[in-house]
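Thank you all for coming. I would like to walk you through one chain this morning, beginning with its overall layout and then moving to its sheet and its core.

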Amino acid sequence: MNKKGFSLIEVLIGLIILAVGFLAIAGMQITSIRGNYFSNNVTQATVLAQEKMEDLKRLPYDHVDLSSGEHNEGNISGTIFLRKYIVTDITSTMKMIEVIVQWTGETVHSISLSTVRAE
(Lines give C-alpha, C1' and ligand atoms only; values in the text may rest on other atoms or scores of the structure.)
Protein backbone atom coordinates (compact mmCIF):
# COMPACT_ATOMS: atom_id res chain seq x y z
CA MET A 1 0.00 0.00 0.00
CA ASN A 2 1.41 3.43 -1.02
CA LYS A 3 0.73 6.01 1.70
CA LYS A 4 1.41 9.66 1.01
CA GLY A 5 1.92 12.34 3.68
CA PHE A 6 3.71 12.56 7.02
CA SER A 7 3.28 10.47 10.12
CA LEU A 8 2.64 12.06 13.49
CA ILE A 9 6.22 11.27 14.61
CA GLU A 10 7.68 13.06 11.57
CA VAL A 11 5.52 16.12 12.23
CA LEU A 12 6.56 16.19 15.93
CA ILE A 13 10.26 15.90 15.06
CA GLY A 14 9.87 18.75 12.57
CA LEU A 15 8.17 20.92 15.22
CA ILE A 16 10.95 20.19 17.72
CA ILE A 17 13.61 21.23 15.20
CA LEU A 18 11.62 24.40 14.45
CA ALA A 19 11.26 25.19 18.18
CA VAL A 20 15.02 24.80 18.76
CA GLY A 21 15.64 27.21 15.87
CA PHE A 22 13.23 29.78 17.33
CA LEU A 23 14.90 29.52 20.75
CA ALA A 24 18.31 30.16 19.17
CA ILE A 25 16.93 33.22 17.36
CA ALA A 26 15.39 34.52 20.61
CA GLY A 27 18.77 34.16 22.37
CA MET A 28 20.48 36.10 19.61
CA GLN A 29 17.81 38.81 19.85
CA ILE A 30 18.44 39.26 23.58
CA THR A 31 22.19 39.54 22.94
CA SER A 32 21.53 42.08 20.20
CA ILE A 33 19.31 44.21 22.47
CA ARG A 34 21.97 44.23 25.21
CA GLY A 35 24.65 45.18 22.69
CA ASN A 36 22.54 48.02 21.31
CA TYR A 37 21.83 49.33 24.83
CA PHE A 38 25.55 49.31 25.69
CA SER A 39 26.45 50.99 22.39
CA ASN A 40 23.87 53.70 23.01
CA ASN A 41 25.38 54.36 26.46
CA VAL A 42 28.90 54.54 24.99
CA THR A 43 27.69 57.03 22.37
CA GLN A 44 25.93 59.22 24.94
CA ALA A 45 28.94 59.15 27.28
CA THR A 46 31.27 60.10 24.42
CA VAL A 47 29.06 63.03 23.44
CA LEU A 48 28.93 64.25 27.06
CA ALA A 49 32.72 64.00 27.34
CA GLN A 50 33.24 65.82 24.02
CA GLU A 51 30.86 68.62 25.04
CA LYS A 52 32.73 69.19 28.30
CA MET A 53 36.11 69.02 26.59
CA GLU A 54 35.02 71.65 24.05
CA ASP A 55 33.70 73.89 26.86
CA LEU A 56 37.02 73.64 28.71
CA LYS A 57 39.07 74.31 25.57
CA ARG A 58 37.11 77.54 24.96
CA LEU A 59 37.96 78.95 28.39
CA PRO A 60 40.89 81.32 28.93
CA TYR A 61 44.05 79.52 30.06
CA ASP A 62 43.93 81.02 33.58
CA HIS A 63 40.18 80.44 34.16
CA VAL A 64 39.24 79.05 37.59
CA ASP A 65 37.64 75.97 35.96
CA LEU A 66 41.09 75.10 34.60
CA SER A 67 42.75 75.16 38.01
CA SER A 68 44.85 72.12 38.82
CA GLY A 69 43.02 69.17 40.43
CA GLU A 70 39.90 67.04 40.10
CA HIS A 71 36.61 68.78 39.34
CA ASN A 72 33.65 66.49 40.00
CA GLU A 73 30.37 67.57 38.38
CA GLY A 74 28.49 64.58 39.80
CA ASN A 75 25.39 63.17 38.18
CA ILE A 76 24.34 64.83 34.94
CA SER A 77 20.70 65.79 35.34
CA GLY A 78 18.25 63.43 33.67
CA THR A 79 20.89 60.79 32.84
CA ILE A 80 22.67 57.81 34.36
CA PHE A 81 26.07 59.42 33.80
CA LEU A 82 28.59 60.95 36.21
CA ARG A 83 31.12 63.41 34.80
CA LYS A 84 34.37 64.74 36.18
CA TYR A 85 37.51 66.25 34.78
CA ILE A 86 41.08 66.40 35.97
CA VAL A 87 43.45 69.26 35.20
CA THR A 88 47.17 68.60 35.65
CA ASP A 89 49.86 71.24 35.24
CA ILE A 90 52.59 69.77 33.03
CA THR A 91 54.69 72.93 32.87
CA SER A 92 53.99 76.56 33.64
CA THR A 93 52.54 76.97 30.14
CA MET A 94 50.94 73.55 29.55
CA LYS A 95 48.05 71.69 31.18
CA MET A 96 46.67 68.24 30.60
CA ILE A 97 42.88 68.02 30.72
CA GLU A 98 41.16 64.64 31.10
CA VAL A 99 37.36 64.34 31.01
CA ILE A 100 35.85 61.13 32.42
CA VAL A 101 32.23 60.05 32.07
CA GLN A 102 31.08 57.01 34.07
CA TRP A 103 27.89 54.98 34.24
CA THR A 104 26.84 51.77 35.91
CA GLY A 105 25.28 48.86 34.05
CA GLU A 106 26.12 45.32 35.08
CA THR A 107 29.53 46.81 35.94
CA VAL A 108 30.98 50.32 36.06
CA HIS A 109 31.90 51.67 32.62
CA SER A 110 33.72 54.83 31.70
CA ILE A 111 34.82 56.91 28.74
CA SER A 112 37.88 59.12 29.03
CA LEU A 113 39.10 61.89 26.70
CA SER A 114 42.28 63.86 27.24
CA THR A 115 44.10 66.75 25.64
CA VAL A 116 47.05 69.03 26.30
CA ARG A 117 46.33 72.74 26.46
CA ALA A 118 49.05 75.34 25.91
CA GLU A 119 48.87 78.94 27.08
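Reading from the N terminus, the elements of the chain follow the pattern α-β-β-β-β, that is, one helix and four strands, and I should say at once that what you see is a predicted model. The radius of gyration comes out at 27 Å, well over the 14 Å that the globule rule gives for 119 residues, so the chain is more spread out than a compact globule. The box that encloses its C-alpha atoms, taken along the principal axes, is roughly 100 × 25 × 20 Å. Of the 119 residues, 21% are buried, while the chain exposes about 8,500 Å², with carbon and sulfur atoms supplying 60% of that area. As for contacts between residues at least 6 apart in sequence, 39% of them join residues at least 24 apart.

Let me turn to the sheet. The four strands make an open sheet in the order E1-E2-E3-E4, and the pairing is antiparallel. Its edges are strand E1, residues 69–75, and strand E4, residues 108–118, each of which pairs on one side only. From one strand to the next, the twist averages 15°.

If we go through the sheet pair by pair, E1 and E2 run antiparallel and are joined by six bridges, with Asn 75 standing opposite Leu 82 in E2. The hairpin of these two strands has six residues between them, and there Gly 78 takes a positive phi near 80°.

Next come E2 and E3, which pair in the antiparallel sense over nine bridges and form a hairpin with two residues between them. Two of the partners can be picked out here: Ile 86 is bridged to Glu 98 in E3, and Thr 88 has Met 96 in E3 as its bridge partner.

The last pair is E3 and E4, again antiparallel, with 11 bridges joining them and a hairpin that leaves three residues between the strands. Glu 98, which we have just met as the partner of Ile 86, also has a bridge partner in E4, namely Ser 114.

What, then, makes up the largest nonpolar core? It has 16 residues, and those with the most contacts inside it are Ala 45, Leu 56, Leu 66, Phe 81, Ile 97, Val 99 and Val 101. The elements that give two or more residues to this core are helix H1, residues 8–58, strand E2, residues 82–91, and strand E3, residues 94–104. H1 gives the most, with five residues. As general background, nonpolar side chains in soluble globular proteins tend to be buried together.

I would like to finish with one member of that core, Phe 81. Which residues is Phe 81 in contact with, once its neighbours within four places in sequence are left aside? They are Asn 41, Gln 44, Ala 45, Leu 48, Gly 74, Asn 75, Ile 76, Val 101, Gln 102 and Trp 103. Two of these contacts, Ala 45 and Val 101, also appear among the core residues with the most contacts inside it, and Asn 75, another contact of Phe 81, is the residue we saw opposite Leu 82.

How values were computed:
Residues are numbered from 1 along each chain as its sequence is written. This is a predicted model: local features need pLDDT of at least 70, side-chain atom pairs count only at pLDDT 80 or more; totals for chains, interfaces and linings use all residues. Side-chain values use heavy atoms; hydrogens and water are left out. A nonpolar core is a set of buried Ala, Val, Leu, Ile, Met, Phe, Trp, Tyr and Cys residues joined through side-chain atoms within 4.5 Å. Buried means under 20% relative accessible area, exposed over 50%, partly exposed in between (1.4 Å probe, protein chains only). Contact means heavy atoms within 4.5 Å. Two strands pair if DSSP finds at least two bridges between them. Axes are lines fitted to C-alpha atoms, for helices over the stretch in contact, and angles run from 0 to 180 degrees between N-to-C directions. The radius of gyration is taken over C-alpha atoms; the globule rule is 2.2 Å times the number of residues to the power 0.38. Accessible areas come from the Shrake-Rupley method with a 1.4 Å probe; for residues, only the protein chains shown count as cover.
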